[in-house]
Protein chains: 4
Amino acid sequence: MLWQVQPSGEVPIYRQLMRQVEEAIASGRLATGDRLPSHRELAEQLVVAPLTVKKAYDELERAGLITTQQGRGTFVSARAAAASRPERIERLREPVRRLVGQALLAGLATDDLHRLIDAAARDWARERKQSARRR
Amino acid sequence: MLWQVQPSGEVPIYRQLMRQVEEAIASGRLATGDRLPSHRELAEQLVVAPLTVKKAYDELERAGLITTQQGRGTFVSARAAAASRPERIERLREPVRRLVGQALLAGLATDDLHRLIDAAARDWARERKQSARRR
Amino acid sequence: MLWQVQPSGEVPIYRQLMRQVEEAIASGRLATGDRLPSHRELAEQLVVAPLTVKKAYDELERAGLITTQQGRGTFVSARAAAASRPERIERLREPVRRLVGQALLAGLATDDLHRLIDAAARDWARERKQSARRR
Amino acid sequence: MLWQVQPSGEVPIYRQLMRQVEEAIASGRLATGDRLPSHRELAEQLVVAPLTVKKAYDELERAGLITTQQGRGTFVSARAAAASRPERIERLREPVRRLVGQALLAGLATDDLHRLIDAAARDWARERKQSARRR
DNA sequence: GTGGTCTAGACCACC
DNA sequence: GTGGTCTAGACCACG
């Protein structure tokens, strides 16, 4: 699987990594029991400090998404992929609430949001197709 | 107008303040020429350091939303409310992009988002009505 | 309050620190809202790396015992001291289970444990009195 | 005799093994002269690396609990079961001290501990009976 | 090889 | 001053 981080951004590197792992699990690219690259190996590949990757792994472990085994490696935990559809929907509720608040306070209507969402979804599908082609 | 900040949150206090001013202008609660409380006054009211409020005002002035007049006070600038509808929509594009990405990667469909948005909008309207009644 | 760590031990320094904070909260020496020393200050005092103290604080925050505020400091969180008596008892259940298993497998009886406990409690009370006198 | 380890736990596998041997000897399930399975055999059975079992055996031999006889196998040593009652009690002193400290610092009394111990002992006896029935 | 811990610096944003 | 992040090394225990 392909990993990448942008060190210059304002999002901390370790959070960028966490997000990629979360999304990989949510989307099924990483399944229960799959092994993640060792934090040193991934650090070398991404040209960041090992501790940085380690911190991302540590937080993911505390969140229950992955588990580590001394001397063996780091694996996607059983609990991780178990998120059911209602659960995944629930996780969107708060971000949606914030977005709706922002839009309505700006004097826009939900219809504007619906249009933006469909547009974003089209873009997203197109980008996916392209990045798949590159592989 | 009512101001409030949460010191314990992730978001810096000065950004919370900026956001409230921006939303107040976008929604019309603050109109061109309206006077903002002095940064000392507001700081006292919110129990935060004056420098913190000052920083929020400074950044808002740099963004052109407000203007300071020596010895008279701080006012909503003429340009501020001029944020056109296309502009306000543009500001939503990136947050929407992120939300859609999150949803699709989790295996959900845009329809799920549409439903969540309508639900959130209903909640938002109801809360507004209640908080208006309390005043 | 007095802090101390033993760098040569087999227990990681950051865990020794975590334990001290936990105990200080459990015993009421640290109450809700109390401020902890900054991680740099404490690191200097203990002659350890700031990151080491930081790691202890980070884990305690993730556990909900303390909260940090950008630029202000680190404080005992409201949830922390709220542990009710049943809760505190519950936390002893697993350690007790292990201890009992160890004793019974070794062919000892619960009476032996009861005696050991009373002896340890007497020692504990005496040590406390002495350390209080030293203060 | 039944052996089992949990690879995902905090405790190193070789220590889990050591502990099981120690407990088996202390409780009499393993007596002086009894033969332990070869480290390869046990490794295969537990699906762990042979080196891991070897390490556990090595440390147990260094502690004098077992002895290896070239080409014949590994046996519970004569000295092993000799742990006298005072000795076995002594080994509990430190764990008890920690437990008591934790309880008293949390504002609980020794009576609470006594109750918890009796409860845990009852559970332990019941579980033993059940697992014996299963065999 | 793996993960677990620690150091001694550094730069940044925030208050 | 505070906390937040990152680096480039190091040593140890585990498998």
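**Entry 1: exposure and the helix salt bridges**

I started by fixing what I mean by partly exposed: a relative accessible area that is neither under 20%, which is buried, nor over 50%, which is exposed. With that in hand, I looked up B:Glu94 and found a relative accessible area of 35%, so it is partly exposed. A reminder to myself is that this is a predicted model.

Next I checked the partner of B:Glu94. Its side chain meets that of B:Arg97 in a salt bridge, 3.0 Å from N to O. B:Arg97 has a relative accessible area of 42%, so this residue is partly exposed as well. I then asked myself where the two sit: B:Arg97 and B:Glu94 both belong to helix H4 (residues 85-105) of chain B, three residues apart, or about one turn of the helix.

I moved to chain A and picked A:Asp123. A:Asp123 pairs with A:Arg126 in a salt bridge whose closest N and O atoms are 2.7 Å apart. Here too the partners are three residues apart, about one turn, this time within helix H5 (residues 110-134) of chain A. I noted 37% relative accessibility for A:Asp123, which makes it partly exposed. For A:Arg126 I noted 46%, so that residue is partly exposed too.

**Entry 2: a pair with one buried end**

In chain C, I found a salt bridge between the side chains of C:Arg115 and C:Asp112, at 3.0 Å from N to O. Is C:Asp112 buried or exposed? C:Asp112 is buried, because its relative accessibility is 6%. C:Arg115, at 53%, counts as exposed. About one helical turn separates C:Arg115 and C:Asp112, because they are three residues apart in helix H5 (residues 110-134) of chain C. I also came across a network: salt bridges with shared partners join A:Arg85, B:Asp112 and B:Arg115. Over all chains, I have 32 salt bridges on my list.

**Entry 3: the nonpolar cores**

I turned to the nonpolar residues next. In soluble globular proteins, nonpolar side chains tend to be buried together. The largest nonpolar core here has 30 residues. Among those with the most contacts inside this core are C:Val96, C:Leu113, D:Val96 and D:Val100. Which elements give two or more residues to this core? They are helix H4 (85-105) and H5 of chain C, along with helix H4 (85-105) and helix H5 (110-134) of chain D. H4(D) gives the most, with eight residues.

I then followed C:Val100 outwards. Leaving aside residues up to four places away in sequence, C:Val100 touches C:Leu113, D:Ile117, D:Ala120 and D:Ala121. Apart from this core lies another, of 28 residues, including A:Val100, B:Val96, B:Leu104 and B:Leu113.

**Entry 4: around DNA strand E**

My last stop was DNA strand E. There are 28 residues around this strand, and those that come nearest are A:Ser38, A:Arg40, B:Tyr14, C:Ile13 and C:Thr52. Of the atoms of DNA strand E that come within 4 Å of the protein, sugar and phosphate account for 74%. By class, I have 10 nonpolar, 11 polar and seven charged residues on the surface near the strand. Elements that each supply at least two residues of this surface include helix H2 (39-46) of chain A and helix H1 (13-26) of chain B.

I listed some phosphate contacts too. A backbone N or O atom of C:Ile13 lies 2.3 Å from a phosphate oxygen of DNA strand E. For C:Ala49, a backbone N or O atom is 2.9 Å from a phosphate oxygen of the strand. A:Ser38 has a polar side-chain atom 3.5 Å from a phosphate oxygen of DNA strand E.

Technical notes. Residues numbered from 1 in each chain as written. Chains lettered and ligands numbered in written order. Predicted model: local features only at pLDDT ≥ 70, side-chain atom pairs only at ≥ 80, totals over all residues. Heavy atoms only, no water. Salt bridge = Lys/Arg side-chain N within 4 Å of Asp/Glu carboxyl O. Helix = DSSP H or I, 4+ residues; strand = E, 2+ residues; numbered from the N terminus. Buried < 20%, exposed > 50% of the residue type's maximum accessible area, 1.4 Å probe, protein only. Core = buried A, V, L, I, M, F, W, Y, C linked by side-chain atoms within 4.5 Å. Contact = heavy atoms within 4.5 Å. Near = heavy atom within 4 Å. Polar contact = N/O pair within 3.5 Å; in protein donor to acceptor, adjacent residues only side chain to side chain. Nonpolar A, V, L, I, M, F, W, Y, C, P; charged D, E, K, R; others polar.
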